[in-house]
Amino acid sequence: MILTIDIGGSALKYALFEGELPEMKGELTLGERGAENLIKKICEVYDICSEAGRIKAIAIDSAGLIDSNKGQIISAANLGIDEPLPLCDIIGEKYGLPVYIANDVNAAAIGEMAYGAARENVNYVFVAFGTGVGGAAVVGRRLYEGKRGLAGEIGHFITHPNGLPCPCGRKGCFERYASVPALVAKAAEHDPSVTNGRELFDRYYAGDENIVKAVDEWMDEIVLGLVSITHLLDPGAIVLGGGIMNEKFLVPEIEKRLRAAVMKEYSNICVRGAELGNAAALYGMLFRANLRLKEGKNR
Ligand SMILES: [Zn+2]
């Protein structure tokens with residue numbers, strides 16, 4: 001069986017797979033921040049799952065900068081990890097098992113490719129909208145990782161020269177305009193009583209003019225980033241993830257606007273909603289673990 005673990009800012013989600021079916025699923029609150037506690041919690045998950053049968057590999061995804069070849073978390077601000085943590089070696093040596101790690105957005109992109117919205121696509125791009133904007137490109141059914149595994153920082157495309165400052169240290173990054181907080185902030189300019197996405201869409205569906213305008217402008221911001229992706233990669237599809245894309249009108253409307261915004265040779269570009277929701281990363285790690293096992297790699 002393969003144990004997959006998704007490390008989020010406040011909890012570990014896990015699933016134990018026999019073949020393609022989860023034998024066991026669960027969630028463990030992370031509690032404290034920092035490397036020591038994280039390792040302890042991963043061991044707790046292992047103990048829970050090892051009672052259900054023999055585990056032959058562990059596959060972990062996490063937010064932050066991840067070096068998947070070395071099996072390290074380089075840094076993860078939301079986990080309180082600011083120096084490289086050789087997580088795969090630590091866990092792998094403790095249990096004598098292959099241990100794999102990948103960035104959470106990359107893992108979700110692989111999940112959607114293997115089992116979700118991009119099953120039919122050889123080349124596609126995944127873009128996730130949440131607190132920030134993350135992305136990953138799949139080329140020839142494999143993740144395009146770049147020289148050090150850092151490819152896909154779509155959120156830091158510059159869409160507004162000299163625009164809003166970004167925590168990355170530059171100005172005018174795509175995610176400062178296209179993330180969920182960016183949308184909420186835009187709506188709050190019109191109406192300060194809007195503080196979250198749920199409220200915002202309730203008002204949108206009720207036809208509140210100012211909110212409709214904010215959502216409208218936000219979709220145009222998203223299109224700015226997707227235009228560059230389309231022209232760079234001519235992908236078979238762009239899959240949009242993140243809970244906000246559950247608002248069903250968004251994906252077809254963004255597709256329509258994108259088709260009108262790209263060079264005419266690209267105007268059949270296809271945009272789809274993600275299908276696996278917050279399980280995408282776990283499925284992606286299952287796929288990756290099976291691939292790496294087949295290749296005889298233990299990290
Ligand atoms: Zn940035």
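# Notebook: core, zinc site, strands and helices

**Entry 1, the nonpolar core.** I began with the largest nonpolar core, which has 38 residues, and looked for the members that touch the most others, which turn out to be Val127, Phe129, Leu240 and Met245. I note here that the model is a predicted one. I then listed the elements that each supply at least two residues of this core, and they are β8 (124–129), β9 (133–139), α5 (180–190), α6 (197–205), α7 (209–233), β11 (237–241) and α8 (250–261). Of the contributors, α7 gives the most, with ten residues. As general background, nonpolar side chains tend to be buried together in soluble globular proteins.

I followed up Phe129 and, leaving out residues up to four places away in sequence, found that Phe129 touches Phe174, Ala178, Val180, Ile222, Leu240, Gly241, Gly242, Gly243, Ile244 and Met245.

**Entry 2, the sheet beside the core.** What is the order of the strands in the open sheet of five? I read it as β10-β9-β8-β11-β12, and the pairing is mixed. Because β10 and β12 (271–273) stand at the edges with a single partner strand each, one side of each is left without a neighbour in the sheet. Within this sheet I looked at β8 and β9, which run antiparallel and are joined by six bridges, and I noted that Val125 stands opposite Ala137 in β9.

**Entry 3, the zinc ion.** Which residues coordinate the zinc ion? I found four donors, His156 through ND1 and Cys166, Cys168 and Cys173 each through SG, at 2.0 to 2.3 Å. His156 and Cys173 are 17 residues apart and link distant parts of the chain, although both are placed in the loop between β10 (142–143) and α4 (175–178). Along the chain the donors follow the spacing H-x9-C-x1-C-x4-C.

I checked the geometry next, and the angles among the four donor atoms run from 105 to 113 degrees, which puts the site in the tetrahedral class. For reference, the ideal angle for four tetrahedral donors is 109.5 degrees.

Are His156 and Cys173 buried or exposed? With a relative accessible area of 22%, His156 is partly exposed, because the cut-off for buried is under 20%. Cys173 is at 0% relative accessibility and therefore counts as buried.

**Entry 4, the strands at the start of the chain.** I moved to strand β1 (residues 2–7), which is joined to β2 by six bridges and runs antiparallel to it. The two strands form a hairpin with three residues between them, and Asp6 stands opposite Lys13 in β2. β2 also pairs with strand β3 (residues 21–29) in the antiparallel sense, over eight bridges, and here Ala11 has Thr29 of β3 as its bridge partner. In the hairpin of β2 and β3, which has two residues between the strands, I noted that Gly19 takes a positive phi near 65 degrees.

Why do I describe strand β2 (residues 11–18) as largely enclosed by the rest of the structure? Six of its eight residues are buried, so the description follows.

**Entry 5, helix α1 and Ser62.** For helix α1 (residues 35–50) I compared the expected span with the model: at 1.5 Å a residue its 16 residues should span 22 Å, and the end C-alpha atoms are 22 Å apart, which agrees. The buried residues of α1 are Asn37, Leu38, Ile39, Lys41, Ile42, Cys43, Val45, Tyr46 and Cys49. What covers them includes β1, β2, β3, β4 (57–62), β6 (72–75) and α2 (87–95).

I then picked Ser62, which is found in strand β4 and is buried, with a relative accessible area of 0%. Not counting residues up to four places away in sequence, Ser62 touches Ile7, Ile73, Leu79, Ala102, Asn103 and Asp104.

**Entry 6, Arg257 and helix α9.** Arg257 lies in helix α8, and I wanted to know whether to class this residue as buried or exposed. At 17% relative accessibility Arg257 counts as buried, and, leaving aside its neighbours within four places in sequence, Arg257 is in contact with Asp216, Met219, Asp220 and Val223.

Last, I looked at helix α9 (residues 280–294), whose 15 residues should span 21 Å at 1.5 Å a residue, in agreement with the 21 Å between its end C-alpha atoms. Among the buried residues of α9 are Tyr283, Met285, Arg288 and Arg292. After α9 comes Gly296, whose phi is positive, near 75 degrees.

Conventions. Residues numbered from 1 in each chain as written. Predicted model: local features only at pLDDT ≥ 70, side-chain atom pairs only at ≥ 80, totals over all residues. Heavy atoms only, no water. Donors = N, O, S within 2.8 Å, 3.2 Å for Na, K, Ca; no water. Tetrahedral: all angles 85-135°; square planar, octahedral: opposite > 155°, others 65-115°. Helix = DSSP H or I, 4+ residues; strand = E, 2+ residues; numbered from the N terminus. Buried < 20%, exposed > 50% of the residue type's maximum accessible area, 1.4 Å probe, protein only. Core = buried A, V, L, I, M, F, W, Y, C linked by side-chain atoms within 4.5 Å. Contact = heavy atoms within 4.5 Å. Pairing = 2+ DSSP bridges. Expected span 1.5 Å × (residues − 1).
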